[in-house]
Amino acid sequence: AAPKASGLGGGSMKKKILVVEDDGSFRGMIKDVLEEASYMVTEADDGKTAQSIVALEKFDLIISDVRMPHMNGIELLHHIRRTNQVPFILMTGFCEALEAKEAYQIGANDFLSKPFKKVDLLKVIAHCFPDVLSSSPSVILDEEYHKIRLEEFTSGNLLQFSIYIRLSEKKYLRIAEAWQVLA
């Protein structure tokens with residue numbers, strides 16, 4: 001019998017996740033969180049290495065940074081989408097947020113804005129596994145979000161609200177957290 005997975009990594013078998021991140025300590029932290037949630041994790045330190053690993057192994061999910069040497073996350077996503085529809089999550093920093101719209105159009109399933117919390121990582125991953133989540137109706141998020149001028153977000157150098165970029169009527173990407181200090 002196949003091993004059962006527990007926690008948010010639930011489902012009938014452990015899910016295999018490829019984590020692609022050039023910062024070794026950050027990649028290790030993600031691996032620890034995922035293994036604690038009963039996921040099987042393989043690591044790659046850049047897109048080229050990930051490309052080679054994906055050619056040899058099948059994964060249930062790929063999580064990739066955007067900015068990496070040799071092959072960035074967007075290029076890796078392009079390569080993967082030529083032959084594979086595996087769920088793909090991109091980790092983005094504030095400066096890469098505009099690339100998120102392009103990535104969403106080519107098939108990224110979700111995004112994590114750096115820095116992120118453990119719970120945010122596990123929640124985004126859980127959304128990629130519909131067999132793990134209870135079925136819920138698709139919600140149009142445009143009804144929950146409203147346009148406002150950028151000046152209304154700040155009080156001096158402190159953000160009063162979280163900032164999101166609209167990717168579609170059902171998908172928004174948080175690029176800045178409320179009460180974050182602007183540099």
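Start with helix α3, residues 73-81, where Gly-73, Ile-74, Leu-76, Leu-77, Ile-80 and Arg-81 are buried. These residues lie on the same side of α3, because they cover an arc of only 160° around the axis. The model is a predicted one. At the N-terminal end of α3, Asn-72 acts as the cap. One of its side-chain oxygens lies 2.9 Å from the backbone nitrogen of Ile-74.

Next comes helix α2, residues 47-56. Its buried residues are Gly-47, Ala-50, Ile-53 and Val-54. Down the axis of α2 they fall within an arc of 115°, so they line one face of the helix. What do these buried residues pack against? Their partners are three strands, β1 (16-20), β2 (40-44) and β3 (61-65), together with helix α3. The face of α2 turned away from the buried side carries Ala-55 and Leu-56, which are exposed. This helix has an N-terminal cap as well: a side-chain oxygen of Asp-46 lies 3.0 Å from the backbone nitrogen of Lys-48.

Now turn to a helix pair. Helix α1 spans residues 24-36 and helix α5 spans residues 118-127. Their axes come within 11 Å and cross at roughly 65°. The crossing is right-handed. Which residues make the contact? From α1 come Ile-30, Val-33, Leu-34 and Glu-36. From α5 come Lys-118, Leu-121, Leu-122 and Ile-125. By class, the contact of α1 with α5 holds 6 nonpolar residues, 2 charged and no polar ones.

How values were computed:
Residues numbered from 1 in each chain as written. Predicted model: local features only at pLDDT ≥ 70, side-chain atom pairs only at ≥ 80, totals over all residues. Heavy atoms only, no water. Buried < 20%, exposed > 50% of the residue type's maximum accessible area, 1.4 Å probe, protein only. Helix = DSSP H or I, 4+ residues; strand = E, 2+ residues; numbered from the N terminus. Arc of directions from axis to C-beta. Polar contact = N/O pair within 3.5 Å; in protein donor to acceptor, adjacent residues only side chain to side chain. Axes fitted to C-alpha atoms, helices over the stretch in contact; angles between N-to-C directions. Left-handed = near helix turned anticlockwise from the far one by under 90°. Contact = heavy atoms within 4.5 Å. Nonpolar A, V, L, I, M, F, W, Y, C, P; charged D, E, K, R; others polar.
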